[in-house]
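User: I am new to this structure and should like to understand why its parts are described as they are. Please set each value against the rule that applies to it.

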Amino acid sequence: IANLPYRTTFALSPGDMNVRRIEYKGKFIEFSPSPTGLPTLRDLDILLYCESWIGNAPVEDRDNDIYRVFQFEVEDFLEFSGRSMGGDRDDRLIQALDRLAGSKITTNTIPFGQNYSTSFSYIPKYRLGRDANGKIKTVTLKITYRIFYLIQNDIFDYYHPDFLRLSPIRRAIYMVAMCHKEELFSPITLSFARLHQMTGATSPLRKFKQTLRDLMDNPIPGHSFEINEAYETVTFTQLREADVEAR
């Protein structure tokens with residue numbers, strides 16, 4: 001993982017206009033922002049909600065009810081993501097959907113089941129349904145082919161339920177930690193500077209260091225952390241289920 005050309009492709013906060021480009025062995029994938037910025041790590045909740053619905057279909061005996069276009073109730077999504085039911089919820093939801101629909105992903109990799117590379121967005125289109133008072137009641141959206149294919153074929157990671165309760169920077173660190181699943185339960189060590197880069201943190205490195213120190217007493221779900229101040233490194237280890245239950 002230390003040499004992986006990885007960087008969190010979702011922004012930590014709204015308004016991030018920086019293009020993310022990852023290159024590896026002649027292949028590349030580039031994430032370009034919408035007019036209002038890249039999707040944020042909180043916008044990701046919409047994708048996670050949709051992906052959970054698709055991924056849970058076999059368990060819930062919904063194999064014949066899986067499509068790239070589907071509709072969900074806004075209140076169900078808000079409950080899933082732990083968000084407020086009131087306030088400016090409609091404005092925030094529209095902004096998130098616009099960032100997901102307006103940001104472009106360009107790559108020279110060939111998607112499964114197709115014979116061409118392409119540019120695409122996370123959600124090609126969406127439609128809102130409103131109640132009698134004008135509040136958004138339902139969202140109908142279309143999932144891009146690549147994401148739909150991966151989930152439908154069980155090519156996805158299982159995130160800890162508490163992921164949705166984490167702050168954006170802690171989410172980014174969690175996602176970096178999940179990159180080493182093939183090295184399950186083996187400690188991974190990264191420099192402060194490298195992890196700072198991989199998370200896409202925009203805060204100064206000195207402030208990011210304090211975030212890492214806080215992980216010692218309040219780690220992200222399913223992982224333990226050790227800090228080496230002398231070498232400015234962080235070592236994280238994925239906990240086994242028995243260790244998690246013991247905590």
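Analyst: A definition is needed at the outset: helices are DSSP runs of H or I with at least four residues, numbered from the N terminus. It should also be said that this is a predicted model.

User: Which helix gives the most to the lining of the largest cavity?

Analyst: Helix α3 does, with four residues. Both α2 and α3 supply at least two residues of that lining. The residues around the cavity are Ile46, Phe77, Leu78, Arg83, Arg89, Arg92, Leu93 and Ala96.

User: What is the volume of the largest cavity, and how many cavities of 30 Å³ or more are found?

Analyst: The volume is about 60 Å³. The search of the whole structure finds one cavity of 30 Å³ or more.

User: What classes of residue make up the lining of the largest cavity?

Analyst: Five lining residues are nonpolar and three are charged, while no polar residue takes part.

User: Why is the contact of Asp45 and Arg83 called a salt bridge?

Analyst: The rule asks for a side-chain nitrogen of Lys or Arg within 4 Å of a carboxyl oxygen of Asp or Glu. For Asp45 and Arg83 the N to O distance is 2.9 Å, so the pair satisfies the rule. The two residues are 38 residues apart, with Asp45 in helix α1 and Arg83 in the loop between α2 (74-81) and α3 (89-102).

User: Are Asp45 and Arg83 to be called buried, partly exposed or exposed?

Analyst: Buried means under 20% relative accessible area, and partly exposed lies between that and 50%. Asp45 has 0%, so Asp45 is buried. Arg83 has 22% and therefore counts as partly exposed.

User: What makes Glu73 and Lys137 a salt bridge, and which parts does the pair tie together?

Analyst: Their side chains meet at 3.7 Å, N to O, which is within the 4 Å limit. Glu73 lies in strand β3 (residues 69-73) and Lys137 in strand β7 (residues 136-142), so the bridge ties together parts that are 64 residues apart in sequence. Glu73, at 31% relative accessible area, is partly exposed, and Lys137, at 44%, is partly exposed.

User: How many salt bridges does this rule give?

Analyst: The count comes to eleven. Among them is the bridge of Asp90 with Arg89, whose closest N and O atoms are 3.1 Å apart; both residues are buried. Arg21, Glu23 and Glu30 are joined into one network by salt bridges that share partners.

User: Why is Tyr49 called buried, and which residues does Tyr49 touch?

Analyst: Tyr49 has 15% relative accessibility, which is under 20%, and is therefore buried. Tyr49 belongs to helix α1. Not counting residues up to four places away in sequence, Tyr49 touches Phe72, Asp76, Phe77 and Phe80. The C-alpha atoms of Tyr49 and Phe77 are separated by 6.9 Å, although the two residues are 28 residues apart along the chain.

User: How do you know that β4 and β5 are paired?

Analyst: Pairing requires at least two bridges found by DSSP. β4 and β5 have two bridges, in the antiparallel sense, so the condition is met. In this pairing, Thr106 stands opposite Ser119 in β5.

User: What is the order of strands in the open sheet, and why do β1 and β5 stand at the edges?

Analyst: The order is β1-β2-β4-β5, with antiparallel pairing. β1 (20-24) and β5 each have a single partner strand, so one side of each is left without a neighbour in the sheet.

Methods. Residues are numbered from 1 along each chain as its sequence is written. This is a predicted model: local features need pLDDT of at least 70, side-chain atom pairs count only at pLDDT 80 or more; totals for chains, interfaces and linings use all residues. Side-chain values use heavy atoms; hydrogens and water are left out. Buried means under 20% relative accessible area, exposed over 50%, partly exposed in between (1.4 Å probe, protein chains only). Contact means heavy atoms within 4.5 Å. On a 1 Å grid over the protein atoms alone, a cavity is a set of points where a 1.4 Å probe fits but cannot get out, and a pocket is an open set with protein on both sides within 12 Å along at least five of seven lines; lining residues have an atom within 4 Å of a point. Grid points are joined across faces, edges and corners, and a volume is the space filled by probe spheres set on the points. Ala, Val, Leu, Ile, Met, Phe, Trp, Tyr, Cys and Pro count as nonpolar, Asp, Glu, Lys and Arg as charged, and the others, Gly among them, as polar.
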